[in-house]
Amino acid sequence: MTTLEVLQLCLIGQRSGHIECSHGSTKGTLHVVGGQVVHAECGTAIPEDAFYSLVCVPNSNGVFVPSEAKPARTIFTQTDFLLLEAARRADEKTKKVRATIPTPGITQLTVISDPVPKVYELAADTISIGRGLDNDIILGVESVSGHHCALDKRGREYWITDTESRNGTFVNNKKITKATQLQSGDLIQLGAALLRCGSGEKSASAAKHKGRAHESETQDLRPSARPHATEGTIRFQVGPEA
């Protein structure tokens with residue numbers, strides 16, 4: 001059991017004794033009396049810091065050894081509050097770790113509003129999207145403007161900008177008014193067309209054209225995997241046509 005689980009059981013059962021904690025090279029001891037932590041040892045850390053060092057480690061193992069001995073009390077904060085603070089510190093640590101993980105850049109756009117979804121591989125630094133035949137991604141939908149929006153590559157990321165379209169460009173149901181960074185899983189709505197950002201979509205065939213987006217029909221994307229699908233339909237907002 002983890003140190004935290006053992007400590008919670010001691011608290012509930014009002015047990016007395018000590019918990020031997022270990023995680024890799026980190027080892028220490030928590031002393032409890034009547035379910036309350038009264039002392040903690042972990043290296044040279046002061047008792048309360050030693051408590052957090054032992055409890056805030058997610059995979060720390062704990063073994064309870066019952067005892068009626070009452071060690072000198074060095075921790076006077078109630079165990080309930082210690083556990084709340086430990087949870088807060090663990091959450092902060094998790095957020096910091098997540099912040100250091102780079103968001104994967106998108107490499108594809110999938111038109112999921114088409115009867116057969118199409119995958120467009122993104123390669124160029126600038127990609128135009130619209131109804132006009134001179135676009136990199138052509139959407140044959142009346143509510144899509146001739147030149148509706150554009151993607152610009154900045155480093156590894158793509159940013160989308162509306163190019164004065166009639167019905168606006170929406171990302172995750174929010175109308176954009178300036179360049180907006182795209183992330184995997186984002187939904188782009190252009191009139192009655194709906195596209196999903198992602199990478200690694202499987203396609204039946206993929207033409208290899210460097211320097212511009214290219215299209216390949218995808219037979220293996222199931223309708224059930226489409227966002228907001230209900231009984232075979234896709235619901236989304238459509239702005240007024242000019």
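How many salt bridges does a search of the whole structure find? The search finds three. The model is a predicted one, and the sections below take its salt bridges, its rings and its confidence in turn.

**Salt bridges**

| Acidic residue | Basic residue | Closest N and O atoms |
|---|---|---|
| E85 | R88 | 2.8 Å |
| E85 | R89 | 2.9 Å |
| D114 | K118 | 3.0 Å |

E85 appears in two of the rows: it bridges to R88 and to R89. Shared partners join E85, R88 and R89 into one network.

Helix α3, residues 79-99, holds E85 and R88. These two are three residues apart, so about one helical turn separates them. R89 lies in helix α3 as well, four residues from E85, which is again about one turn of the helix.

Are the members of this network buried or exposed? Each falls in between. E85 has a relative accessible area of 21%, so it counts as partly exposed. The cut-off for buried is under 20%. R88 is partly exposed at 44%. R89 is partly exposed too, with 33%.

The bridge between D114 and K118 has another setting. D114 is buried, and K118 is buried as well.

**Rings and charges**

A search of the whole structure gives one aromatic pair. The rings of F51 and Y52 have centres 5.2 Å apart and planes at 75°, so the pair is edge-to-face. The angle is enough for that label because planes over 60 degrees apart count as edge-to-face. Both F51 and Y52 are buried.

Which charged end sits over the ring of Y52? That of R89 does, 3.8 Å from the ring centre. R89 therefore takes part in two kinds of contact: a salt bridge with E85 and a charge placed over the ring of Y52, with a partly exposed side chain at 33%.

A second charge over a ring involves R154 and W159. The charged end of R154 sits over the ring of W159, 4.5 Å from its centre.

**Confidence**

The protein averages a pLDDT of 81. Of the residues, 79% score at least 70. Over residues 204-212, the pLDDT is below 50. This stretch has 17 contacts in the model beyond near neighbours in sequence. Residues 214-242 also stay under 50 in pLDDT. For residues 214-242 the model has 75 contacts beyond four places in sequence.

Key
Residues are numbered from 1 along each chain as its sequence is written. This is a predicted model: local features need pLDDT of at least 70, side-chain atom pairs count only at pLDDT 80 or more; totals for chains, interfaces and linings use all residues. Side-chain values use heavy atoms; hydrogens and water are left out. Rings of Phe, Tyr and Trp (its six-membered ring) pair if their centres lie within 6.5 Å; planes under 30 degrees apart count as stacked, over 60 as edge-to-face and the rest as tilted. Buried means under 20% relative accessible area, exposed over 50%, partly exposed in between (1.4 Å probe, protein chains only). A charge sits over a ring if NZ of Lys or CZ of Arg is within 6 Å of the ring centre and within 35 degrees of the ring normal. pLDDT is the predictor's confidence in each residue, from 0 to 100. Contact means heavy atoms within 4.5 Å. A salt bridge is a side-chain nitrogen of Lys or Arg within 4 Å of a carboxyl oxygen of Asp or Glu.
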